[in-house]
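Biologist: Could you pull up the model, so that we can talk through the ligand and the helices?
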Amino acid sequence: MGNKVAVVTGGGSGIGAAAAKRFAKEGMNVCIIDIKEERAEKVRSEIADGGAEVFVAEADVSNKEDVFSAIQQVMEKWGQIDVLFANAGINGTITSIEEMEAEDWDQTMTINLRGTFLLVKSVIPHMKNSGGSIIITSSINGNRMFKNIGFSAYSTTKAGQVAFMKMAALELARYKIRVNAICPGAIDTNIDQNTFTQKGVEEVKIPIEYPEGNQPLENAAGKPEQVADLVYFLASDQSSHITGTEIYIDGAESLL
Ligand code: NAD
């Protein structure tokens with residue numbers, strides 16, 4: 001068997017880019033899936049040639065044809081998939097529930113939740129004979145934190161991902177496919193570009209002030225590379241007895 005193969009969605013930026021780089025550094029072949037191909041190509045070019053191959057598939061994770069075609073390309077190229085990092089996601093529209101348009105609600109559901117389902121579904125046939133590891137990026141929002149008023153759609157998708165992860169962990173255990181979720185707190189990425197805050201949220205916000213910041217461990221947002229360390233651990237055999245679990249990576253932010 002050749003190098004292990006990892007598929008990373010949202011690999012063109014932030015947490016996904018850091019994980020793609022980490023996987024490649026560990027000698028895995030990596031497929032970067034992103035809706036923004038130029039970004040993903042930039043990440044590919046940044047990955048130093050350490051013997052790993054990297055290829056980019058432009059795909060919208062919420063589009064069934066896109067996802068299945070990307071996974072097909074991976075199989076044609078490398079003939080195996082060992083790791084799926086289902087990470088692409090958006091904050092989407094941030095507003096009061098009263099003002100939230102159904103279409104905006106749907107967009108967040110579709111990308112974050114349907115996208116996760118489609119990716120997991122699409123890799124099962126290719127993982128079921130030799131096992132594998134699936135890691136889903138959820139969040140502290142929707143799991144251990146509910147004070148971010150306006151994030152109702154986002155938080156609902158992030159809670160849904162954890163429920164889906166647990167269902168998948170049980171169902172896929174027979175194939176030795178492990179499924180876990182990570183729940184980051186604030187991480188320094190480009191997610192603001194996919195955050196559409198509307199005026200309505202101001203009216204319903206509950207003011208909360210932490211004079212010394214809301215990230216107790218480092219008093220600052222985490223780095224994507226710190227999250228990539230956890231993702232690699234969950235992808236590797238070091239976590240061989242861990243499945244069906246969500247792991248918080250937030251410097252205790254969500255406990256405050
Ligand atoms: P990011 O915006 O830097 O990266 C996300 C990438 O996903 C981008 O390259 C974007 O083009 C891609 N993407 C967006 N929609 C897509 C789609 N429909 N199909 C394919 N690719 C798509 O953001 P990030 O912070 O690295 O986010 C990654 C994940 O981490 C998300 O699921 C997010 O909810 C989660 N998360 C982020 C934070 C944080 O503070 N940054 C905290 C908790 C959870």
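**Helix packing and the ligand site**

Modeller: In this predicted model, α4 and α5 are roughly parallel to each other, because their axes cross at roughly 15 degrees and angles under 35 degrees count as roughly parallel.

Biologist: Within what distance do the axes of α4 and α5 come?

Modeller: The axes of α5 and α4, the latter covering residues 102-127, come within 8 Å.

Biologist: And is the crossing of α4 and α5 left-handed or right-handed?

Modeller: The crossing in which α4 passes α5 is right-handed.

Biologist: Switching to the ligand, which residues come nearest?

Modeller: There are 30 residues around the ligand, and those that come nearest are Ser13, Asp34, Asn87, Tyr154 and Thr189.

Biologist: Which helices each supply at least two residues of that shell?

Modeller: Both α1, which spans 14-25, and α5, which spans 152-172, do so, and α5 is also the helix that α4 passes.

Biologist: What is the make-up of the shell by class?

Modeller: Around the ligand the shell has 13 polar residues, twelve nonpolar ones and five charged ones.

Biologist: Which atoms lie opposite the ligand's oxygen and nitrogen atoms?

Modeller: For Ser13, an N or O atom in the side chain is 2.6 Å from an oxygen atom of the ligand, while for Ile15 a polar backbone atom is 2.9 Å from an oxygen atom of the ligand. A nitrogen atom of the ligand lies 3.0 Å from a backbone N or O atom of Val61.

Biologist: How much of the ligand's accessible area does the protein cover?

Modeller: On its own the ligand has 830 Å² of accessible area, and the protein covers 96% of that.

Terms used
Residues numbered from 1 in each chain as written. Predicted model: local features only at pLDDT ≥ 70, side-chain atom pairs only at ≥ 80, totals over all residues. Heavy atoms only, no water. Near = heavy atom within 4 Å. Polar contact = N/O pair within 3.5 Å; in protein donor to acceptor, adjacent residues only side chain to side chain. Areas by Shrake-Rupley, 256 points an atom, 1.4 Å probe, with all protein chains shown as cover. Helix = DSSP H or I, 4+ residues; strand = E, 2+ residues; numbered from the N terminus. Nonpolar A, V, L, I, M, F, W, Y, C, P; charged D, E, K, R; others polar. Axes fitted to C-alpha atoms, helices over the stretch in contact; angles between N-to-C directions. Parallel < 35°, antiparallel > 145°, perpendicular 65-115°, else oblique. Left-handed = near helix turned anticlockwise from the far one by under 90°.
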